[in-house]
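Welcome to a short walk through this model. Keep your viewer open and follow the selections as they come.

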Amino acid sequence: MPTPKKPTAHPNAATAIAAAQANMSNAVKDSTNPHFKQQYASLAAVRDIVVPAFAAEGVGVLQPIEGENGAARVRTLLLWGDQVIEAGNCSIPIGGGRNAAQDV
């Protein structure tokens, strides 16, 4: 038996995303780059802000990683109800260095 859909307070994905963004603050710079001595927000610090805010509004975030034609690609997908919104893509060529995994 299929699971019944949970009702949402938003009429569409755009209002759900806007509501989530309204509840986000800036991520804390919790890490330091030892080479440049600069602080930055780690992935964990960013996720601590983004994921709960989106989840509270019924928005899921996926970032599948694909590899093809000598490049690694990260896609950002936002899921709301039965909608999948492609929010961005980033392709990075994999260099010809000694350690391809490190290049990525």
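Of the contacts between residues at least 6 apart in sequence, 27% join residues at least 24 apart. Keep in mind as you look around that this is a predicted model.

**The whole chain**

Start with a cartoon view. You will find three helices and six strands, and from the N terminus on they follow the order α-β-β-α-β-β-β-β-α. Now colour by pLDDT. The average over the chain is 89, and 88% of the residues score at least 70. Confidence is highest in strand 2 (residues 38–40), with a mean of 97, and lowest in helix 3 (residues 100–103), with a mean of 68. If you switch on the surface, its accessible area comes to about 7900 Å², with 56% belonging to carbon and sulfur atoms. Buried residues account for 19% of the 104 residues.

**Helix 1 and the core**

Next, select residues 13–22, which form helix 1. At its start, look for Asn-12: one of its side-chain oxygens comes to within 3.2 Å of the backbone nitrogen of Ala-14.

Which residues of helix 1 are buried? Show Ala-13, Ala-16, Ile-17, Ala-19 and Ala-20, and you have them. They lie on the same side of helix 1 because they cover an arc of only 160° around the axis. As background, an α-helix has 3.6 residues a turn, so residues three or four places apart point the same way. Rotate to the face turned away from the buried side, and you meet the exposed residues Ala-14 and Ala-22.

To see what covers the buried residues of helix 1, add helix 2 (43–56), strand 3 (59–62), strand 5 and strand 6 (83–93), which are among the covering parts.

Now display the largest nonpolar core as spheres: Ala-13, Ala-16, Ile-17, Ala-20, Phe-54, Val-59, Leu-78 and Trp-80, eight residues in total. Two elements, helix 1 and strand 5 (71–80), each give two or more residues to this core, and helix 1 gives the most, with four. In soluble globular proteins, nonpolar side chains tend to be buried together. Zoom in on Ala-13 and, leaving out residues up to four places away in sequence, you will see that Ala-13 touches Trp-80, Gln-83 and Ile-85.

**Thr-76 on strand 5**

Stay with strand 5 and pick Thr-76, which is found there. Which side chain does the side chain of Thr-76 join in a polar contact? Gln-63 is the partner, at 2.9 Å. Beyond its neighbours within four places in sequence, Thr-76 is in contact with Leu-62 and Gln-63, and also with Ile-85, Glu-86, Ala-87 and Gly-88.

**Tyr-40 and Ser-42**

For the last stop, move to Tyr-40 in strand 2. Its relative accessibility is 40%, so Tyr-40 counts as partly exposed. Measure across to Lys-29: the two are 11 residues apart in sequence, with their C-alpha atoms 4.6 Å apart. Show the stretch beside it too, since Tyr-40 touches Lys-29, Asp-30, Ser-31, Thr-32 and Asn-33, not counting residues up to four places away in sequence.

Then step along to Ser-42, in the loop between strand 2 and helix 2. Is Ser-42 buried or exposed? Ser-42 is buried, because its relative accessible area is 13%, under the 20% cut-off. Its side chain joins that of Asp-30 in a polar contact of 2.9 Å. Leaving out residues up to four places away in sequence, Ser-42 touches Asp-30 and Ser-31.

Notes:
Residues are numbered from 1 along each chain as its sequence is written. This is a predicted model: local features need pLDDT of at least 70, side-chain atom pairs count only at pLDDT 80 or more; totals for chains, interfaces and linings use all residues. Side-chain values use heavy atoms; hydrogens and water are left out. A nonpolar core is a set of buried Ala, Val, Leu, Ile, Met, Phe, Trp, Tyr and Cys residues joined through side-chain atoms within 4.5 Å. Buried means under 20% relative accessible area, exposed over 50%, partly exposed in between (1.4 Å probe, protein chains only). Contact means heavy atoms within 4.5 Å. The arc is that of the directions from the helix axis to the C-beta atoms. A polar contact is a pair of N or O atoms within 3.5 Å; within protein, one must be able to donate a hydrogen and the other to accept it, and residues adjacent in sequence count only if both atoms are side-chain atoms. Accessible areas come from the Shrake-Rupley method with a 1.4 Å probe; for residues, only the protein chains shown count as cover. pLDDT is the predictor's confidence in each residue, from 0 to 100.
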